[in-house]
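Ready for some practice in reading a protein model? Work through each exercise below with the structure at hand, then check the solution step by step.

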Amino acid sequence: MTATKGRKLGKGLVYLLVIMVIVTAVDLWRSKDLPTEVAALGTMTTLNGDTLDLDALSQEQPVLVYVWATWCGVCRVVSPMVDMVGAPVVSIALASGQDAKVAGYVREKGYDFSVINDADHRLGQTLAISVTPTLMVAHKGQLRFATAGITTLPGMYARLWLARLMT
């Protein structure tokens with residue numbers, strides 16, 4: 001490797017590090033208004049009619065909580081990655097219409113994650129969601145590592161891994 005290539009690689013790594021620090025700082029700032037207790041969400045019901053207790057589910061292992069909407073363009077990019085994550089996922093469809101409409105959308109896209117329809121925006125308000133998609137991790141009854149907008153599959157894995165590390 002020539003000296004010029006080495007300097008360019010070094011600069012690229014510095015830029016990448018700066019971007020990562022900025023993105024992390026923005027995520028921390030955005031998540032400041034999030035409730036930290038999963039219990040604030042209460043017991044929820046999925047589109048399949050299953051009762052879901054996120055607090056109990058999160059005691060066993062980290063759970064990816066995905067807040068999205070059928071009308072959200074960015075969600076169309078993020079949702080397939082959420083579907084591939086391989087960890088437990090609880091998704092909340094925010095202001096996306098009645099159950100039948102959301103169920104049809106999920107079926108059409110072939111998504112396999114649990115969906116809670118937040119047609120009245122109660123859960124979205126409880127979570128102080130202002131941007132879709134929003135992802136966070138529930139673990140041991142706590143909500144952590146929130147991010148909004150485009151998130152990559154490696155970013156999702158990193159958040160789940162950090163949740164395991166920090167308990």
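**Exercise 1.** Find out in which sense strands E3 and E4 pair, and over how many bridges.

*Solution.*
Step 1: Locate strand E3 at residues 63-68 and strand E4 at residues 89-94; helices (H or I, at least four residues) and strands (E, at least two) are DSSP runs, numbered from the N terminus.
Step 2: Look for bridges, since two strands pair if DSSP finds at least two bridges between them. E3 and E4 are joined by five bridges and run in the parallel sense.
Step 3: Check one position: Leu 64 is opposite Val 89 of E4.
Step 4: Follow the chain from E3 through helix H3 (residues 75-84) to E4, a β-α-β crossover that is right-handed. Right-handed here says that, with the strands pointing away from the viewer, the path from the first strand over the helix to the second runs clockwise.

A note on the source: this is a predicted model, in which local features need pLDDT of at least 70 and side-chain atom pairs count only at pLDDT 80 or more, while totals for chains, interfaces and linings use all residues. Residues are numbered from 1 along each chain as its sequence is written, and side-chain values use heavy atoms, with hydrogens and water left out.

**Exercise 2.** Identify the bridge partner of Val 90 in E5, and describe the unit that E4, H4 and E5 make.

*Solution.*
Step 1: Strand E5 covers residues 114-118 and pairs with E4 in the parallel sense, over five bridges.
Step 2: Within E5, Ser 114 is the bridge partner of Val 90.
Step 3: Add helix H4 (residues 99-109): together with E4 and E5 it makes a right-handed β-α-β unit.

**Exercise 3.** Decide whether the two faces of E4 are covered or not.

*Solution.*
Step 1: Recall the cut-offs: buried means under 20% relative accessible area, exposed over 50%, and partly exposed in between (1.4 Å probe, protein chains only).
Step 2: On one side, Val 89, Ser 91 and Ala 93 are buried.
Step 3: On the other side, Val 90, Ile 92 and Leu 94 are buried, and both faces are therefore covered.
Step 4: Because six of the six residues of E4 are buried, the strand is largely enclosed by the rest of the structure.

**Exercise 4.** Locate the disulfide and work out its handedness.

*Solution.*
Step 1: Search for a pair of cysteine sulfur atoms within 2.5 Å, which is what counts as a disulfide. The whole structure holds one.
Step 2: Cys 72 and Cys 75 are the partners, with S to S at 2.5 Å.
Step 3: The torsion about their S-S bond is about 85°, so the disulfide is right-handed.
Step 4: Both Cys 72 and Cys 75 are buried.

**Exercise 5.** Inspect the backbone between H5 and E6 at Ala 128 and Pro 133.

*Solution.*
Step 1: Pro 133 sits in the loop between helix H5 (122-126) and strand E6 (134-139). The peptide bond leading to Pro 133 from Thr 132 is cis, with omega near -5°.
Step 2: Ala 128 belongs to the loop between H5 and E6. Its phi is near 55°, a positive value in a residue other than glycine.
Step 3: With a relative accessible area of 43%, Ala 128 is partly exposed.
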